[in-house]
There are 2 protein chains.
Amino acid sequence: MPRIAEVRDAAEPSSDEQRARHVRMLQAAEELATEKELARVQMHEVAKRAGVAIGTLYRYFPSKTHLFVAVMVEQIDQIGDTFTKHQVQSANPQDAVYEVLVRATRGLLRRPALSTAMLQSTSTANVATVPDAGKIDRGFRQIVLDAAGIDNPTEDDNTALRLLMQLWFGVIQSCLNGRISIPDAEYDIRKGCDLLLVNLSRH
Amino acid sequence: MPRIAEVRDAAEPSSDEQRARHVRMLQAAEELATEKELARVQMHEVAKRAGVAIGTLYRYFPSKTHLFVAVMVEQIDQIGDTFTKHQVQSANPQDAVYEVLVRATRGLLRRPALSTAMLQSTSTANVATVPDAGKIDRGFRQIVLDAAGIDNPTEDDNTALRLLMQLWFGVIQSCLNGRISIPDAEYDIRKGCDLLLVNLSRH
């Protein structure tokens, strides 16, 4: 029988004070994973840097995977916010989506250790135990829909975006692992947008 | 300064006896990862089951990542062999590639723990330290070229196949993590073939 601690859900912040603490924990995790590889980031170190008790950290993030999936959710949110502020002006949805993804990619590649930590955690996370994994998928979809100017996506639109996300994650991962160069990664994202978004519905 | 042991290359088998031992080590790794998750597979356990000294195992596979990337290379080789024996008869290259990938996917999903171990290791492997990672890319490309009946791929063909591989790995990973169902995975592979291989050169 699994122990309760292994299957319980992560807590969600409700008061302002809790939210501030939540942000501090995510920020501490982000900083530490920028400095060193995921395997060497310790939960007690994250708690210490965030100024919270270790029990508090585990209450919100039952595992390191939960923690770094939440960091990834935060990053996706930030990419969405940045995009909303600086609307991309492009003739067609493929160009607009490409612009957003390439900017996001450059941002992620600037902090390779952190991006590796987030991608590793995301690809390891089972949606049944780490519900935040679903937020990444939804966040990504919203960013691309906004970039493409689509308010009411069709089933085909959603499929194309899901495939684009798989591809985008794979391209970043390959780039982080030295299997393709940064220019190759950008070329692959360009081709991915052109080929996968060809039937995107217009608004 | 890194220790020599961390950066040395993996040994390659040359005699028949060495090759037999190599196969036994890969088989032991495959069996253990079918039974339990990657984090709980111990190198000394693999050595014991393969009937080799722990030093021998480490000489061929300097880390667990090296070992499971090699298991993945083996799987890709087997998929290629199976395909060569049972040529797919299809009207067009997209259908033929889809058939091969869907069969391979079903094979991989039958042993979810093993597939998770291989994909995790592959996505963690840096090509500079784990040269076998490149063999996976080349093996996959050859399988798809054979299925599509392309002898002399163009630059565009190679790009499309690289993107398809990123997408395929992502789809399997999402399926293993419970984020999409098996029918959804097959649908996504179908759509991926249709959209990414649309400009494939005919032979």
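**Exercise 1. Describe how A:Asp194 and A:Arg190 are placed in helix 10 of chain A, and how their side chains pair.**

*Solution.* Step 1: in this predicted model, A:Asp194 and A:Arg190 are both part of helix 10 of chain A, where four residues, about one turn of the helix, separate them.
Step 2: the two form a salt bridge, and their closest N and O atoms are 2.8 Å apart.
Step 3: partly exposed residues lie between the limits of 20% and 50% relative accessible area. A:Asp194, with 32%, is therefore partly exposed. A:Arg190, with 23%, is likewise partly exposed.

**Exercise 2. Determine which parts of chain B are linked by the salt bridge of B:Glu31 and B:Arg49.**

*Solution.* Step 1: the side chains of B:Glu31 and B:Arg49 meet at 2.9 Å, N to O, in a salt bridge.
Step 2: B:Glu31 belongs to helix 2 and B:Arg49 to helix 3 of chain B; with their positions 18 residues apart, the pair links distant parts of the chain.
Step 3: B:Glu31 is partly exposed at a relative accessible area of 38%, and B:Arg49 is partly exposed at 40%.
Step 4: in chain A, salt bridges with shared partners join A:Glu31, A:Glu35 and A:Arg49 into one network.

**Exercise 3. Locate B:Glu37 and classify it as buried, partly exposed or exposed.**

*Solution.* Step 1: B:Glu37 is in the loop between helix 2 (16-35) and helix 3 (43-50) of chain B.
Step 2: its relative accessible area is 49%, so B:Glu37 is partly exposed.
Step 3: B:Ala47 stands 10 residues from B:Glu37 along the chain, and 17 Å separates their C-alpha atoms.

**Exercise 4. Analyse the salt bridge between A:Asp188 and B:Arg162.**

*Solution.* Step 1: the closest N and O atoms of A:Asp188 and B:Arg162 are 2.5 Å apart.
Step 2: the pair crosses between chains, joining helix 10 (residues 182-196) of chain A, which holds A:Asp188, to helix 9 of chain B, which holds B:Arg162.
Step 3: A:Asp188 has a relative accessible area of 0% and is therefore buried, whereas B:Arg162, at 27%, is partly exposed.
Step 4: across the interface of the two chains there are six salt bridges by the rule. Another salt bridge is formed by the side chains of B:Asp137 and A:Arg179, at 3.1 Å from N to O.

**Exercise 5. Characterise the contact between chain B and chain A.**

*Solution.* Step 1: chain B gives 32 residues to the contact, and chain A gives 32 residues.
Step 2: the chains bury about 2700 Å² between them, of which 49% is on carbon and sulfur atoms. In chain B, the residues that lose the most area to chain A are B:Gln166, B:Arg179 and B:Leu195, which together account for 25% of what that side buries.
Step 3: the count of residue pairs in polar contact between the chains is 18. Helix 9 of chain B supplies the largest share of the side that touches chain A, namely 11 residues. By class, this side of chain B has 12 nonpolar, 14 polar and six charged residues.
Step 4: one residue of chain A in contact with chain B is A:Ser123, which touches B:Gln173 and B:Asn177. A:Ser123 lies in helix 7 (residues 112-124) of chain A and counts as buried because its relative accessibility is 15%.

**Exercise 6. State how chain B can be laid on chain A.**

*Solution.* Step 1: a turn of 180 degrees with a shift of 0.0 Å along the axis lays chain B on chain A with an RMSD of 0.0 Å.
Step 2: the two copies are therefore related as by a two-fold rotation axis.
Step 3: in chain B, the C-alpha nearest the axis belongs to B:Leu167, at 2.4 Å.
Step 4: the same surface serves both copies, since 100% of the contact residues of chain B recur in chain A.

How values were computed. Residues are numbered from 1 along each chain as its sequence is written. Chains are lettered from A and ligands numbered from 1 in the order in which they are written. This is a predicted model: local features need pLDDT of at least 70, side-chain atom pairs count only at pLDDT 80 or more; totals for chains, interfaces and linings use all residues. Side-chain values use heavy atoms; hydrogens and water are left out. Helices (H or I, at least four residues) and strands (E, at least two) are DSSP runs, numbered from the N terminus. Buried means under 20% relative accessible area, exposed over 50%, partly exposed in between (1.4 Å probe, protein chains only). Contact means heavy atoms within 4.5 Å. Buried area is the accessible area (1.4 Å probe) that two parts lose on being put together, summed over both. A salt bridge is a side-chain nitrogen of Lys or Arg within 4 Å of a carboxyl oxygen of Asp or Glu. A polar contact is a pair of N or O atoms within 3.5 Å; within protein, one must be able to donate a hydrogen and the other to accept it, and residues adjacent in sequence count only if both atoms are side-chain atoms. Ala, Val, Leu, Ile, Met, Phe, Trp, Tyr, Cys and Pro count as nonpolar, Asp, Glu, Lys and Arg as charged, and the others, Gly among them, as polar. Copies are superposed by least squares on the C-alpha atoms of residues with pLDDT of at least 70 in both. Lists of a residue's contacts leave out its neighbours within four places in sequence.
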